[in-house]
Amino acid sequence: MARLDLEKLSKRYGDFFAVRDVSLQIADGEFLVLLGPSGCGKTTTLRMVAGFIEPSDGAVRLGGSDVTVLPPWKRNAGMVFQSYALFPHLSVAQNVAFGLEMRKLPRADIERRVEEALALVRLTGFGGRLPRQLSGGQQQRVALARALAIRPDVLLLDEPLSNLDAKLRQEVRVEIRELQRQLGLTTVMVTHDQEEALTMADRLVVMNEGAVRQVGSQRDLYERPADRFVAGFVGRSTFLDGAVEAPGRFRTDGGLALACAGGMPGRAALALRPERVEIAPSANTNMSGLDNSLPGTVEFVSYLGALIDIHVRLSPQDRLVVQIANRDGGFAPDVGQPVQVGWPAAAGLVFNE
């Protein structure tokens, strides 16, 4: 366990920056998640921490020591790869022992640590099996056991759940989080799945185009996104493009006059979370108490089980999504039905261009 510091870390390929000036401080025992779309630089950042990619600039400090130029095997960092990277011809126990053997530990210590690591991931008794005899979830646990066996100062997870089916992914991410808390391991995970990030992280780092866009807790990023990109990537938002005409007044490109909170006069976008918008079955319904109340027409209904998404056309240029709970006897409009939607001014986030 150790504190991890990244100081203006960059990776440049010619004139292209895969990562640019990333500075982060990860506390001892913290679970930090790097979140962003494909190509945003999150995996490159993780691999620079692991030592598989040499930074163009900046520094990596682990436990106060500069490890920027050290090879991977001298960093005491355990890494779990997206593909698990298990040796198919080696048994489970031999796979878990690999890093320990590279460190030339005594055989008795290796055997003891392998047993301990397999017990941690609930695979006691599986040491003699080959990877092909295991399920995807079990292979993932073997890869995790291999990373834990070396007793790393930092655990690095590169999209560790992406090869699992949806149900197993939910189970394993809870197991990883509980194990991380039990061991108090400083952990950095890369993912593009926002649900994974929101479920597992102590803090989130949203990246795009090689740069950090915002760092904070789940609530920080969801309730107070720093910009339009974060608002669209963390959770879901509908964006109404237009302009702030005056303080508290927003006009969409479709001509709708809306009450808003914040924003400077000029071109802007108004972001609305689907669950913050109310919907009623008739265009004549009075939504008293809401700053905005508008008629619309249902264009599309998406049934999601516990939730229902309703796409409502407000004008030829303006459409928003409303999300409601699926309840017996609850309102569930049909396509083409006129409705009324409304929301308080504070529910809309304004992002100036």
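Among contacts in the protein between residues at least 6 apart in sequence, what percentage join residues at least 24 apart? In this predicted model, the figure comes out at 66%. So much for contacts along the chain; next come the overall numbers.

The protein has 353 residues, and 49% of them are buried. Its C-alpha trace spans about 80 × 50 × 30 Å along the principal axes. On the outside, about 16,300 Å² is exposed, and carbon and sulfur atoms supply 50% of that area. As for charge, there are 40 positive side chains and 41 negative ones. The centres of these two sets lie 4 Å apart. In terms of secondary structure, the tally is eight helices and 20 strands.

Six of the strands come together in an open sheet with mixed pairing. Reading across the sheet, the order goes β6-β7-β8-β3-β9-β10. The two ends of that row are the edge strands, β6 (77–80) and β10 (211–216), and each of them pairs on one side only. Going from neighbour to neighbour, the strands are turned by 20° against each other on average, with direction ignored. A helix joins the picture too: α1 (residues 42–50) packs on this sheet. Helix α1 touches β3, β6, β7 (154–158), β8 (186–191) and β9. Its direction makes about 150° with that of β7.

Strand β3 (residues 31–35) deserves a look of its own. In the sheet order, β3 sits between β8 and β9. With β8, strand β3 runs parallel, and five bridges join the two. With β9 (residues 203–208), the pairing is again in the parallel sense, this time over four bridges. Zooming in on single residues, V33 stands opposite M189 in β8, while its bridge partner in β9 is L204. One more pair links β3 to β9, with L32 having R203 as its bridge partner.

How many of the five residues of β3 are buried? The count is five, and the strand is mostly covered. The side chains can be sorted by the way they point: F31, V33 and L35 go one way from β3, whereas L32 and L34 go the other way. Both groups are buried. Put together, β3 is a strand with parallel bridges to β8 and to β9, with helix α1 among the elements that touch it, and with buried residues pointing both ways.

Conventions: Residues numbered from 1 in each chain as written. Predicted model: local features only at pLDDT ≥ 70, side-chain atom pairs only at ≥ 80, totals over all residues. Heavy atoms only, no water. Buried < 20%, exposed > 50% of the residue type's maximum accessible area, 1.4 Å probe, protein only. Contact = heavy atoms within 4.5 Å. Areas by Shrake-Rupley, 256 points an atom, 1.4 Å probe, with all protein chains shown as cover. Lys, Arg positive; Asp, Glu negative; His and termini not counted. Charge placed at Lys NZ, Arg CZ, Asp CG, Glu CD. Pairing = 2+ DSSP bridges. Axes fitted to C-alpha atoms, helices over the stretch in contact; angles between N-to-C directions.
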